[in-house]
Amino acid sequence: MKKLLFSSMLLAGLTMNAEAQDFPDDIKPLMSKYTCTACHKVDTRLVGPAYTEVAKRKYTTARILELIAVPKPSNWPGYPPMAALKVPEEDATKIAEWINSLAPKKKAKKA
Ligand code: HEC
């Protein structure tokens, strides 16, 4: 019981910490299904750029779909090339819209 309370407090602490964002519940299963999680995190660089960084590029949803199917490594100097991935349009659209939802609304610049 005590342990449970402790872990839920820890969880609450984690979700409040902007540095440790996790994928939302509706996106996470897609991310694992299509292996995106192997190379991407929400807000930190892994093999590929953080999705918060991708969001700053302000691509349209359609453009993100294209970039998943046909990546353009030249968009990300200093990163290895991403492998082209086949993601059904419906799921890819959900992912793309979520990525764009991460874009800073105004000038929420962090150091
Ligand atoms: C094997 C590692 C790997 C996997 C798996 C992977 N990515 Fe990437 N991704 C990268 C790298 C590296 C880049 C930056 C270089 C590039 O675009 O080729 C990138 C770039 C991107 C970009 C930015 C494209 C651009 O041109 O700005 C998007 C969007 C993206 N990935 C989405 C996804 C999604 C969605 C998935 C899962 C369906 C996924 N990635 C799976 C490694 C990966």
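## The ligand and its surroundings

Twenty-five residues are found around the ligand, and those that come nearest are C36, C39, H40, Y59 and M82. The model described here is predicted.

By residue class, the shell around the ligand holds 20 nonpolar residues, four polar residues and one charged residue.

## Polar contacts to the ligand

H40, which is among the residues that come nearest to the ligand, also places a polar side-chain atom 2.7 Å from a nitrogen atom of the ligand.

Oxygen atoms of the ligand are approached by two further side chains. In N75, a polar side-chain atom lies 2.7 Å from a ligand oxygen atom. In W76, an N or O atom of the side chain is 2.6 Å from an oxygen atom of the ligand.

## The pocket and the elements around it

The ligand takes up the space of the largest pocket. Two elements, helix 3 (51–56) and helix 4 (61–69), give two or more residues each to the shell around the ligand. Helix 4 provides the largest share of that shell, with three residues.

## The nonpolar core

The largest nonpolar core consists of 25 residues. Within this core, the residues with the most contacts are F23, M31, Y51, W98 and I99.

At least two residues of the core come from each of helix 2 (28–33), helix 3, helix 4 and helix 5 (89–101). Helix 5 supplies the largest share, namely five residues. Helix 3 and helix 4 thus appear in both settings: each contributes to the shell around the ligand and to this core.

Conventions:
Residues are numbered from 1 along each chain as its sequence is written. This is a predicted model: local features need pLDDT of at least 70, side-chain atom pairs count only at pLDDT 80 or more; totals for chains, interfaces and linings use all residues. Side-chain values use heavy atoms; hydrogens and water are left out. A residue is near a molecule or strand if one of its heavy atoms lies within 4 Å of it. A polar contact is a pair of N or O atoms within 3.5 Å; within protein, one must be able to donate a hydrogen and the other to accept it, and residues adjacent in sequence count only if both atoms are side-chain atoms. On a 1 Å grid over the protein atoms alone, a cavity is a set of points where a 1.4 Å probe fits but cannot get out, and a pocket is an open set with protein on both sides within 12 Å along at least five of seven lines; lining residues have an atom within 4 Å of a point. A molecule sits in a cavity or pocket if more than half of its atoms lie within 2 Å of its grid points. Helices (H or I, at least four residues) and strands (E, at least two) are DSSP runs, numbered from the N terminus. Ala, Val, Leu, Ile, Met, Phe, Trp, Tyr, Cys and Pro count as nonpolar, Asp, Glu, Lys and Arg as charged, and the others, Gly among them, as polar. A nonpolar core is a set of buried Ala, Val, Leu, Ile, Met, Phe, Trp, Tyr and Cys residues joined through side-chain atoms within 4.5 Å. Buried means under 20% relative accessible area, exposed over 50%, partly exposed in between (1.4 Å probe, protein chains only).
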